[in-house]
Every structure is written in C-alpha cells, then in structure tokens.
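Colleague: Hi! I'm new to this one, could you walk me through it?
Modeller: Happy to, let's bring it up on screen.

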Amino acid sequence: DGVRIDELEELKRRGYDLNEIGAKLAENYCKQVLDDAFFHADPHPGNLWIRDGKIIFLDLGMMGRLSARDRALLRDAFGAVANHDIYTLKGVVLALGEARQEVNHARLYAALDELVTRYGDMDVGSINLGSLLQELMEIAKTNDISMPAGISMLARGIVTIEGVLRFCCPDISLMQVITSHMVNARLEDWDIPQEARKTARSLYTLFTKGAQIPAQLSDVLKIAANGQGRVNLELTESAEFFSGVSSLLNRLILCLIIIGLLIASALLCAYGGNLGGPQVLGLPWTGALGFALAFILCLRLVFICRPHRKKHGGWFGRFFTKSSKTK
C-alpha cells in the first residue's frame with residue numbers, strides 16, 4: 001500500500017514536498033551505486049512508492065552489482081567529466097572495459113575529447129547522466145571495448161531514475177547530487193596523517209627520480225653521439241590500410257584468374273574439337289570445365305564485392321562468404 005511516485009496530485013494532497021522526495025530519491029540512488037555497489041536496475045515509477053513518509057523500492061528482481069574496482073573507476077569517471085580531464089576518462093574506459101583488439105588510442109582520445117568538450121560547457125545541474133553513460137558505452141563499443149554487465153545495468157537504471165526525476169521534480173539533477181555526494185564522501189574519508197604520509201612518499205620518489213635525470217641524459221647523449229639511436233614509428237591506421245590493400249589485391253588476382261580461364265576455355269572450344277573426346281552441351285569437356293570454374297569464381301567475386309553481405313550457413317555459404325573484411 002501507499003502512493004506511486006508519479007501520482008503527483010495525490011502526493012500533494014497528502015502534504016508531501018515533491019522536491020524533497022526527488023532529492024532523497026536521488027541521494028539514495030547515489031548511495032546504492034557509489035557506496036553500496038548494489039543498486040536497483042529497474043527503478044520505474046511502478047516500482048517506487050511513498051508510504052508513511054518513506055520511499056519504498058519494489059520488485060528487486062533486477063539488481064546490479066559493482067566490484068570495488070568498478071565503483072572507484074566510476075567515481076573517477078564522474079570527476080573526470082566534471083573537471084574536463086580527458087586523460088583520466090580515457091584511462092577509466094580502458095580499465096573498465098576489455099579491448100577485443102588493439103586499441104586505436106588516437107581515435108578513442110578524439111571521441112572522448114569531443115564528448116568532454118560538449119558536456120564540459122554545460123552546467124553540472126543540466127547534464128543528463130544517463131545520456132552521458134550511454135554515449136560513453138557507445139564510444140567503447142565503437143572502439144571494440146566491451147563493458148561489464150554491471151555498467152550496462154547501471155546505465156539503464158540511471159536513465160530510468162532520471163526519467164522519474166524529470167517527471168516528478170524537474171528541479172532535481174542526479175548529476176549534481178552525485179557530485180555533491182562524492183565531495184562529501186571524500187571529506188568524510190579524508191585522513192590527514194595518511195595524506196601526509198602519501199605526500200612524503202611522493203616527494204621522496206620525486207627527489208630520487210630527479211637525481212637520476214642527469215645520468216640518464218648523459219647516456220642518451222652518448223648513444224646519439226655513437227649513432228646508436230633508434231626511432232620507433234607506429235602507424236595507427238596501418239593495419240586497416242594494409243588489410244584493405246590485401247583485399248584489393250586478392251580481388252584483382254581473382255579477376256585475372258577468371259579472365260585466363262575464359263580465354264583458355266574459348267580457345268579450347270574453338271580448336272579443341274579436333275582433339276576428340278567427350279563433349280558437354282556441344283562443347284569439349286575441357287572447355288566446358290573451364291567455363292564452369294570461371295562461373296563459380298565469378299559468383300565468389302560477386303559475393304565478396306557485395307556490400308552488407310549476410311552470413312550463409314553450411315559449406316556452400318562459407319565458401320562464398322569467406323573473405324577479408326573491407327569497408
């Protein structure tokens with residue numbers, strides 16, 4: 001029993017403050033995600049009721065979990081967006097996800113730079129956190145980086161909870177509440193002796209490394225003077241470029257083979273009748289065989305060059321669709 005959170009008139013009639021409900025709902029959801037790492041992944045209005053001055057969560061069949069590492073990385077991601085820190089955000093994306101192939105760091109950085117620039121010009125209270133998370137996941141997907149299931153459920157939950165807030169109390173921003181929650185949590189967790197020890201260790205490391213710089217610089221100059229220096233150059237688009245060139249050469253070779261078969265078969269049909277032997281459709285069997293092979297190879301070439309080709313099952317489909325991926 002109680003009142004659904006989207007029954008605004010009934011809530012007002014009972015004396016509830018909608019902004020207070022929205023603020024407490026957003027703060028509670030931040031606690032679920034950032035503190036407890038165990039959150040409701042489907043908080044639509046039908047699962048949120050108000051009863052006896054409390055917010056009641058129903059239907060806990062779809063719950064999301066985050067590891068301590070993922071939770072810390074999410075904190076860093078929210079802070080990186082707020083501080084326009086692209087390098088930290090890039091590191092978070094690579095640490096959260098699992099790259100299925102070699103990452104094009106320049107392309108990933110450019111996509112995150114565009115995202116941070118677009119959201120960085122906005123006030124924190126006007127940032128749509130659900131859209132931000134979905135765009136981050138789309139950038140990861142475009143760069144062949146798979147995200148854990150907990151992050152996907154979190155994106156869904158945040159999109160849903162923001163929809164509830166927009167309907168019930170549009171003045172409440174989930175992103176603003178999360179930012180305040182993170183600041184307060186850091187102030188509460190701030191340990192002066194621990195921070196002092198950390199600073200002392202950093203200073204010691206700085207002085208130790210700094211003392212080694214002259215010797216290292218001297219070694220570099222000696223290597224350069226002896227002509228032993230090397231420069232490693234990485235072409236980020238080289239793999240894709242050479243893959244396209246290889247596919248083009250394969251098609252060209254296939255075309256030459258087809259042309260050779262056609263010419264040879266035509267010559268056999270024109271002059272091979274004097275050699276005797278069985279015939280197929282009135283043609284010498286050697287010429288007919290050559291035309292048949294040329295026809296099969298032509299079909300293969302058509303399937304290779306066809307854009308947006310579909311996968312076919314069985315040996316016949318694998319024979320015709322097996323080729324290098326091209327754009």
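**Cavities and an aromatic pair**

Modeller: About 40 Å³ of space lies in the second largest cavity. Keep in mind as we go that this is a predicted model.

Colleague: Thanks! Which residues line the second largest cavity?
Modeller: Its lining is made up of Tyr29, Cys30, Val33, Leu34, Phe78, Ile158, Leu174 and Ile178. Two elements, α2 (18-36) and α8 (174-189), give two or more residues to that lining.

Colleague: And which element gives the most to the lining of the second largest cavity?
Modeller: That is α2, with four residues.

Colleague: What about the lining of the second largest cavity by class?
Modeller: It has eight nonpolar residues, no polar ones and no charged ones.

Colleague: OK, stepping back. How many cavities of 30 Å³ or more are there?
Modeller: The count comes to two.

Colleague: Then what volume does the largest cavity have?
Modeller: The largest cavity has a volume of about 120 Å³.

Colleague: Which residues should I click on to find its centre?
Modeller: Try Leu74, Ala77, Leu96, Leu133 and Leu136, which lie nearest the centre of the largest cavity among the 15 residues that line it.

Colleague: Which elements supply at least two residues of that lining?
Modeller: Look at α3 (68-83), α4 (86-96) and α6 (129-142), each of which supplies at least two residues. Of the elements, α6 gives the most to the lining of the largest cavity, with five residues.

Colleague: And by class, what is in the lining of the largest cavity?
Modeller: There are 15 nonpolar residues, with no polar and no charged ones.

Colleague: Nice. Changing topic: how many aromatic pairs does a search of the whole structure find?
Modeller: The search finds one aromatic pair. Tyr87 and Tyr109 form it, and the pair is tilted, at 5.3 Å centre to centre with 45° between the planes.

Colleague: Why those two values?
Modeller: A pair of aromatic rings is described by the distance of the centres and the angle of the planes.

Colleague: Where do Tyr87 and Tyr109 lie?
Modeller: Tyr87 lies in helix α4 and Tyr109 in helix α5 (residues 105-120), so the pair ties together parts that are 22 residues apart in sequence.

Colleague: Is Tyr87 buried or exposed?
Modeller: Tyr87 counts as exposed because its relative accessibility is 63%, and the cut-off for exposed is over 50%.

Colleague: And what about Tyr109?
Modeller: Tyr109 has a relative accessible area of 27%, so it is partly exposed.

Colleague: Great, thanks for the tour!

Conventions:
Residues are numbered from 1 along each chain as its sequence is written. This is a predicted model: local features need pLDDT of at least 70, side-chain atom pairs count only at pLDDT 80 or more; totals for chains, interfaces and linings use all residues. Side-chain values use heavy atoms; hydrogens and water are left out. On a 1 Å grid over the protein atoms alone, a cavity is a set of points where a 1.4 Å probe fits but cannot get out, and a pocket is an open set with protein on both sides within 12 Å along at least five of seven lines; lining residues have an atom within 4 Å of a point. Grid points are joined across faces, edges and corners, and a volume is the space filled by probe spheres set on the points. Ala, Val, Leu, Ile, Met, Phe, Trp, Tyr, Cys and Pro count as nonpolar, Asp, Glu, Lys and Arg as charged, and the others, Gly among them, as polar. Rings of Phe, Tyr and Trp (its six-membered ring) pair if their centres lie within 6.5 Å; planes under 30 degrees apart count as stacked, over 60 as edge-to-face and the rest as tilted. Buried means under 20% relative accessible area, exposed over 50%, partly exposed in between (1.4 Å probe, protein chains only).
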